[in-house]
Amino acid sequence: MKFDIKEEDMIIKPYKTEGPIYIREQKGFFQRIRRNLGWLLMLTFIAIPWIQYKGEQAVLLDVATQKFTIFGLTLLPQDFMILALLFMVGAFALFFVTNWLGRVWCGYTCPQTIWMLMFSWVEQRIEGTRNQRIKLDKSKWTLSTWRKKITKHSAWIAISVLTATSFMAYFIPAKSLYMEMLTLQWSGITSFWVFLFAFCTYGNAGFLREKMCNVACPYSRFQSVMFDKDTLIVSYDAQRGENRGPRKRKADPKALNLGDCVDCNLCVEVCPAGIDIRNGLQYECINCGLCIDACDDTMDKFGYEKGLIKYASEKQMQGKKTNPFRLKLVGYGVLTLVLIVSMFAWVLQRTPIEASVLRDRNALYRVNYEGLVENPYTLTIINKTQQPLHYTIAIEGMPVASLTAPSSILVLPGVMKKVPVTVTADGYDISKKVSPISFVVSANENPAISITKTSQFYKN
């Protein structure tokens, strides 16, 4: 038996073309969703530090003082639990969405994708279409080339500095940060971090681009663990599209023994990752749907049915139905809801005060000049509200005892204050060597803000 095999058929074509990727601008349904969502997320990112709540910046992550303020909720290092719950909620929510809709996080909401496509949009406005940019990069350097390149990189740098400054406004009060920027009074540490983040934004979105997703980001590597045959992914209908090949618009594809794919290659040219989705699912695919918009546009022009490339599960491509209540998806969803409920329950039962009692290790007890036994303590009070509060200290557990402590202790918002106190057994029958004692710390302005800490009283 003799096979007629051509030499070019034996060459294994790479799934992704090497070299720089020139993204073709594409309009369509999914592009509108991503662009509108991208603008919304960017504007939200910039606006949040400017939101005021009760006269203070609503969201301020003050690393220097180890105090996070989020709409009146002050989180200190002792509140690490809520941060752990928040990260766990984010992780399981991401697993849930990935198992359901594939890598839509990467394609629609990931900051790397949003900024990369924004930089690409600026590039297209200045240097022209995809073909014009390819021609520009291959041509000799002229005055026009220098002008376009300098304008593009200046715009990229301006966006990068604005991005970095907006990011630093989450850690430094926004008003003072921008005022110091306008008056050129930034400190050395502020300047360092702003320019570091600006450099990273400029490099990632302007040069590394898809390499950050394909090489540096671990998410693209382990995403397949969360995929199953019911996950909605960008899929090419090979049964309908093959054999692919060019043809005239009015030509009958069946007469030419061709499928619906006209091999226009637009699905590759619009892909931010530079892959050919017709070769099947690849880990570089970020599920952005740009190839769907490009293919639907081509199908429209040829009068073919849309959906040659579409969001579909493996089961749907096989003519089966997707199971929306599969165990993995339901499990991720339930875990996400449980963690969200746990986080809100923790916030609701959280007391806006923290206290601790430390005994004086150098003197467990002492006898004063009246012959009474005294125990010295150091009481630490942390005000976790956003208002200054006055606290009083009372003791329980020893009916007849006197307390030497300030009558009113002022603690500023988010401040930890240490107060030395002394308990004297005044007429109390201390037959035991060690007796339990409790310290009750209450706020004068709001008696509901109270906490009780236990310790021991030593006789000898």
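**View 1. Strands E8 and E10 sit side by side in this predicted model.** Strand E8 covers residues 353–359, and it pairs with E10 in the antiparallel sense over seven bridges. To find one of the contacts, look for Ser-356: its bridge partner in E10 is Thr-380.

**View 2. E10 also pairs with strand E14.** Here the two strands are antiparallel again, with nine bridges between E10 and residues 416–424 of E14. Pick out Leu-379 and you'll find its bridge partner, Val-419, in E14. How many of the eleven residues of E10 are buried? Ten of them are, so strand E10 (residues 373–383) is mostly covered, given that buried means under 20% relative accessible area.

**View 3. A hairpin links E9 and E10.** Strand E9 is just residues 366–367, and two bridges join it to E10, with the strands running antiparallel. Arg-366 stands opposite Glu-374 in E10. Five residues lie between the strands of this hairpin, where Gly-371 takes a positive phi near 85 degrees.

**View 4. Some nonpolar side chains make a patch on the surface.** Ile-51, Tyr-53, Ile-70 and Phe-71 form this patch of about 310 Å². Phe-71 belongs to the loop between strand E4 (67–70) and strand E5 (73–75). Why does Phe-71 count as partly exposed? Because its relative accessibility is 42%, which falls between the 20% and 50% cut-offs.

**View 5. Here are two of the stretches that UniProt's unreviewed entry lists as "transmembrane region".** Residues 36–53 are 67% helix and 11% strand, and their end C-alpha atoms are 27 Å apart. Residues 80–101 are 100% helix and 0% strand, with 31 Å between the end C-alpha atoms.

Notes. Residues numbered from 1 in each chain as written. Predicted model: local features only at pLDDT ≥ 70, side-chain atom pairs only at ≥ 80, totals over all residues. Heavy atoms only, no water. UniProt positions renumbered as here; feature names shortened; annotations may be inferred. Helix = DSSP H or I, 4+ residues; strand = E, 2+ residues; numbered from the N terminus. Patch = residues over 30% accessible without salt bridge, like charges linked within 9 Å, V, L, I, M, F, W, Y side chains within 5 Å. Areas by Shrake-Rupley, 256 points an atom, 1.4 Å probe, with all protein chains shown as cover. Salt bridge = Lys/Arg side-chain N within 4 Å of Asp/Glu carboxyl O. Buried < 20%, exposed > 50% of the residue type's maximum accessible area, 1.4 Å probe, protein only. Pairing = 2+ DSSP bridges.
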